[in-house]
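Thanks for making the time this morning. I would like to walk you through one model, starting where the chains meet and then moving to individual residues.

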Amino acid sequence: MQFFGGSEINPSPQVPTASGNNAHMMYVFNRNGVCLLYKEWNRLLHTLNPQQDHKLMFGLLFSLKSLTAKMDPVNADKGNLGVPQLPGQGCSFHSFRTNTYKLSFMETPSGIKIILVTHPKTGDLRESLKYIYGLYVEYVVKNPIYNPGFPIKSELFNTALDQYVRSIS
Amino acid sequence: MAAIYSLYIINKSGGLIFYKDCGTKGRMDTNDSLRVASLWHSMHAISQQLSPVNGCSGIELLQADTFDLHCFQSLPGTKFFVVCEPGTPHMESLLRYIYELYTDYVLKNPFYEIEMPIRCELFDLNLSQAVQSDRVALLGR
């Protein structure tokens with residue numbers, strides 16, 4: 001069925017590439033919106049240039065958090081829409097799914113946001129994101145040469161990440 | 001546990017044309033519901049831009065800590081989305097059924113102006129019945 005706004009009919013799920021990776025891409029942002037890491041394993045469509053893409057992704061997540069905090073049907077006391085939320089304040093979403101991808105999101109109390117984009121049939125990746133945060137702490141935070149607030153350039157982290165993501169079904 | 005908290009219908013330009021709130025604590029005033037609807041319209045469009053693969057038609061399911069949001073977009077661009085308890089089953093079929101009710105009681109109503117807020121009694125009536133029967137079937141009460 002062709003939907004409004006779609007240009008191609010794409011019913012088949014994404015086939016894993018030769019490298020065996022099931023994820024499309026991954027982003028890590030800090031609390032100021034700086035993209036600390038962007039990894040791409042399997043991305044066929046690049047709509048925007050990298051800078052715009054990062055900004056759009058961060059903006060989308062920022063606004064979605066604000067939206068979910070406001071829409072929360074359980075919490076009686078909610079701030080006004082548009083007021084920036086502190087990490088951990090208000091109800092936050094952990095994933096959303098479209099017909100072509102699933103985006104899993106995790107925010108730590110320090111404001112580090114980890115985003116993993118996979119194919120739409122993926123299950124709950126919250127535990128995987130926690131594990132990736134553990135990798136970040138071990139290989140990046142504990143690295144004395146790492147400059148906080150700047151993009152991550154650690155080979156060990158990249159390798160460990162590649163290996164782990166490959167194992168996620 | 002399965003309950004629907006609220007239902008929104010947005011026209012193709014992003015304006016809210018119908019809003020029904022069944023929750024108790026999460027009530028929003030009119031202005032906020034209008035803002036939330038427009039925000040959702042934009043987020044839906046932006047999510048299509050970020051797709052790694054061609055042919056994305058926007059967010060279908062958003063999972064948060066305390067609620068799930070299911071969204072259905074019809075061919076002309078009208079979006080129906082429902083906020084429910086996490087893990088509620090069969091929301092997609094409920095949304096398609098609501099779309100059928102919309103075409104029957106709203107679009108076929110000669111006094112209804114397209115893209116305007118919905119004020120059709122029969123639509124409200126049938127919608128309440130559908131949500132109620134859904135609730136009875138799922139909760140047994």
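Let me begin with the interface: chain B and chain A bury about 4,200 Å² between them, with 65% of that area on carbon and sulfur atoms. Please keep in mind throughout that this is a predicted model. In terms of residues, 42 of chain B are in contact with 45 of chain A. Between the two chains there are 14 residue pairs in polar contact, counting pairs in which both residues have pLDDT 80 or more.

On the chain B side, the elements that give two or more residues to the surface touching chain A are strand 1 (4-10), helix 1 (30-49), strand 3 (59-64), strand 4 (68-73) and strand 5 (79-84). Helix 1 of chain B gives the most, with 10 residues. By residue type, this side of chain B divides into 23 nonpolar, 14 polar and 5 charged residues.

The rule finds 2 salt bridges across this interface, and one that joins the two chains is between the side chains of Asp32(B) and Lys70(A), at 3.0 Å from N to O. Asp32(B) also meets Arg35(B) in a salt bridge, here at 2.7 Å, N to O. Both of these residues lie in helix 1 of chain B, 3 residues apart, which is about one turn of the helix. Their surroundings can be set side by side: Asp32(B) is buried, with a relative accessible area of 9%, while Arg35(B), at 45%, counts as partly exposed.

Staying with chain B, let me turn to two residues in its strands. Leu16(B) lies in strand 2, residues 16-21, and counts as buried because its relative accessibility is 14%. Leaving aside residues up to four places away in sequence, Leu16(B) touches Tyr8(B), Ile9(B), Ile10(B), Ser33(B), Leu34(B) and Ala37(B). For one of these partners, Ser33(B), the C-alpha atoms are separated by 7.9 Å, although the two residues are 17 apart along the chain.

His70(B), in strand 4, is buried as well, with 6% relative accessibility. Its side chain is joined to that of Glu92(B) by a polar contact of 3.0 Å, and, again not counting residues up to four places away in sequence, the residues that His70(B) touches include Phe80(B), Phe81(B), Met91(B) and Leu95(B).

Two loop residues of chain B deserve a look at their backbone. As background, most residues other than glycine have a negative phi. His90(B), which is not a glycine, has a positive phi of about 65 degrees; this residue is found in the loop between strand 5 and helix 2 (91-107) and is exposed, with a relative accessible area of 53%. Glu115(B) likewise has a positive phi, near 75 degrees, and is found in the loop between helix 2 and helix 3 (121-139), where it counts as partly exposed at 23% relative accessibility.

Now to chain A, whose secondary structure comes to 3 helices and 5 strands, running β-β-α-β-β-β-α-α from the N terminus on. Of its 169 residues, 47% count as buried. The mean pLDDT of this chain is 83, and 85% of its residues reach 70 or more. Over residues 1-20, however, the pLDDT is below 50, even though this stretch has 30 contacts in the model beyond near neighbours in sequence. Where pLDDT is low, the predicted coordinates should not be read in detail.

What does Asp53(A) touch, once residues up to four places away in sequence are set aside? The partners are Tyr27(A), Arg43(A), Leu48(A) and, from the other chain, Leu50(B). Asp53(A) has its place in helix 1 of chain A, residues 50-71, and is buried, at 3% relative accessibility.

Finally, the salt bridges, of which the rule counts 12 over all chains. Lys39(A) forms one with Asp162(A), the closest N and O atoms being 3.4 Å apart; Lys39(A) lies in strand 2 and Asp162(A) in helix 3 of chain A, so the pair ties together parts that are 123 residues apart in sequence. By its relative accessibility of 14%, Lys39(A) counts as buried. There is also a network of salt bridges that links Lys65(A), Glu107(A) and Lys113(A).

Terms used: Residues numbered from 1 in each chain as written. Chains lettered and ligands numbered in written order. Heavy atoms only, no water. Helix = DSSP H or I, 4+ residues; strand = E, 2+ residues; numbered from the N terminus. Buried < 20%, exposed > 50% of the residue type's maximum accessible area, 1.4 Å probe, protein only. Contact = heavy atoms within 4.5 Å. pLDDT = per-residue confidence, 0-100. Buried area = accessible area lost by both parts, 1.4 Å probe. Salt bridge = Lys/Arg side-chain N within 4 Å of Asp/Glu carboxyl O. Polar contact = N/O pair within 3.5 Å; in protein donor to acceptor, adjacent residues only side chain to side chain. Nonpolar A, V, L, I, M, F, W, Y, C, P; charged D, E, K, R; others polar.
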